[in-house]
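Student: I would like to go through this model slowly, with the sequence and the structure side by side. Could we take it one question at a time?

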Amino acid sequence: MMSTLGKTRFPDIVNRCQPQLLADWVQNQLSAASFNNGLMRESELREQSRQFLHALGEAVEHGDLTDIEESHWDETREFLAAVSRSRALQGFTPNQTAMFVFSLKQPLFQLLRQELEKQPEALIDEILSITRLLDQLGLHTTEIYQKNREEIIYQQQQELMELSTPVVQLWQNILALPLIGTLDSARTQVVMETLLQKIVDTNAAIAIIDITGVPTVDTLVAQHLLKTVAAARLMGADCIISGIRPQIALTIVHLGVDLTDVITKATLADAFAIALQRTGASVAAAERA
Amino acid sequence: MMTVSRRETRALRSSDDVVRVRQAVRQWAMAQGFSLVDQTKMVTAASELARNTVDYGGGGNVLLEALNEGSRRGLKLTFSDQGPGIADIELALRDGYTSGSGLGLGLGGARRLTNEFAIDSTPGGGTRVTITRWQCGDRR
Ligand SMILES: Nc1ncnc2c1ncn2[C@@H]1O[C@H](COP(=O)(O)OP(=O)(O)O)[C@@H](O)[C@H]1O
Ligand SMILES: [Mg+2]
């Protein structure tokens, strides 16, 4: 391995035959299935491929091919990381992303076969070392892709957290907040603030907080609910808490949480009926006035 | 004779861990044949103690044990931390007492929601709270 490494033809081929290699490679990638669904533009693919071949050509000029963690591979690795990030955003799968690198093998081997027609042993050595190199680089894209997905998922969770707390306007001045899922600090904070803001925006008289979808009501959740009710009251709106299932009611009693100041109803429908009655009365009064 | 049919320790470091422990307790309680009310009581008590472990104990862990005694089935949870400990346990248990900004109902609530409740704590030596609940109708 070491003896052939010194006279490897790879740098020569990558650099001397770059235009042809680029053309073949881009052609291969364009005919692959993943490009038919138009995740990225052809011009962008061409440019990425050109830049990668350029970086690869530079790196192989400067040292050996066995370990991409070495510093002469920095630029190539960074470039691939950028490709990986943009593809993760464009909706490529990890496989499709790694294929960017792996798909270079075929046109490259084809060129090598032509160049080393008369030296089968050298050809095998070349193919082996290039395979090892491209496999490392391909795996590198997958690793970066993975890290990126995690970041994206985290961001999406944050966004979802806000999206998944829709305050709905049930009636002229009646809001409903159907809570679903675990009410733990971060999300609860967002939810409650959203409700209070919406009370201001819509000038609501009654807000129904429905906890049918909340699996556990412990003292922290109860405290959040109580605080929200108090804050809403300061802004002139009454809250009704609905969706208190029997097992939750029992548990709240055992915990010793005092909900006597809060209007509670078993179902959202019951709560809505009460809310209508109350606001209906005030609407009628306003009309008389 | 009482036997432990299953035993597992879970870490309690963050708010996410509290959620995970709640889910685990729910699953274990279901597996032990707890009714919905019993599951809810045990999960809620666990939630209170898990949060105390994270908030006041500086993190720790919980040991889950599925208990079998004849045909009786129960669930025992032991919350441990190496935090500052509780100087006055009676005061900490008093409804409405909080050294933080809670409702001060967690310890008392957990005691009322379970069949057996014990606190072992020394100032500077950490805290251990053990709760046990049996399937409804077995022991009150
Ligand atoms: N694991 C613990 N380590 C240290 N102190 C604790 C621990 N658990 C509870 N405490 C103390 O007991 C008090 C009461 O706890 P609790 O009844 O759960 O109410 P809250 O959590 O609302 O403060 C806490 O405010 C705290 O001072
Ligand atoms: Mg507490």
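Student: Which residue stands opposite B:Thr9 in β2(B)?

Tutor: In this predicted model, local features need pLDDT of at least 70, side-chain atom pairs count only at pLDDT 80 or more, and totals for chains, interfaces and linings use all residues. Residues are numbered from 1 along each chain as its sequence is written, chains are lettered from A and ligands numbered from 1 in the order in which they are written, and side-chain values use heavy atoms, leaving out hydrogens and water. Ten bridges join β1(B) to β2 (residues 60-69) of chain B, and these strands (DSSP runs of E, at least two residues, numbered from the N terminus) run antiparallel. Across this pairing, the residue opposite B:Thr9 is B:Leu63.

Student: What is the order of the strands in the open sheet of chain B?

Tutor: Two strands pair if DSSP finds at least two bridges between them. The edge strands, each pairing on one side only, are β1 (2-12) and β4 (116-121) of chain B. With antiparallel pairing, the order of the five strands is β1-β2-β3-β5-β4.

Student: Which strands does helix α1 of chain B touch?

Tutor: Helix α1 (a DSSP run of H or I, at least four residues) covers residues 15-31 of chain B. This helix packs on the sheet, and by contact (heavy atoms within 4.5 Å) the strands touched are β1, β2 and β3 (72-81) of chain B.

Student: Where does a positive phi of about 80° occur?

Tutor: Helix α1(B) has 17 residues. Just after α1(B), the residue with this positive phi is B:Gly33.

Methods:
Axes fitted to C-alpha atoms, helices over the stretch in contact; angles between N-to-C directions. Expected span 1.5 Å × (residues − 1).
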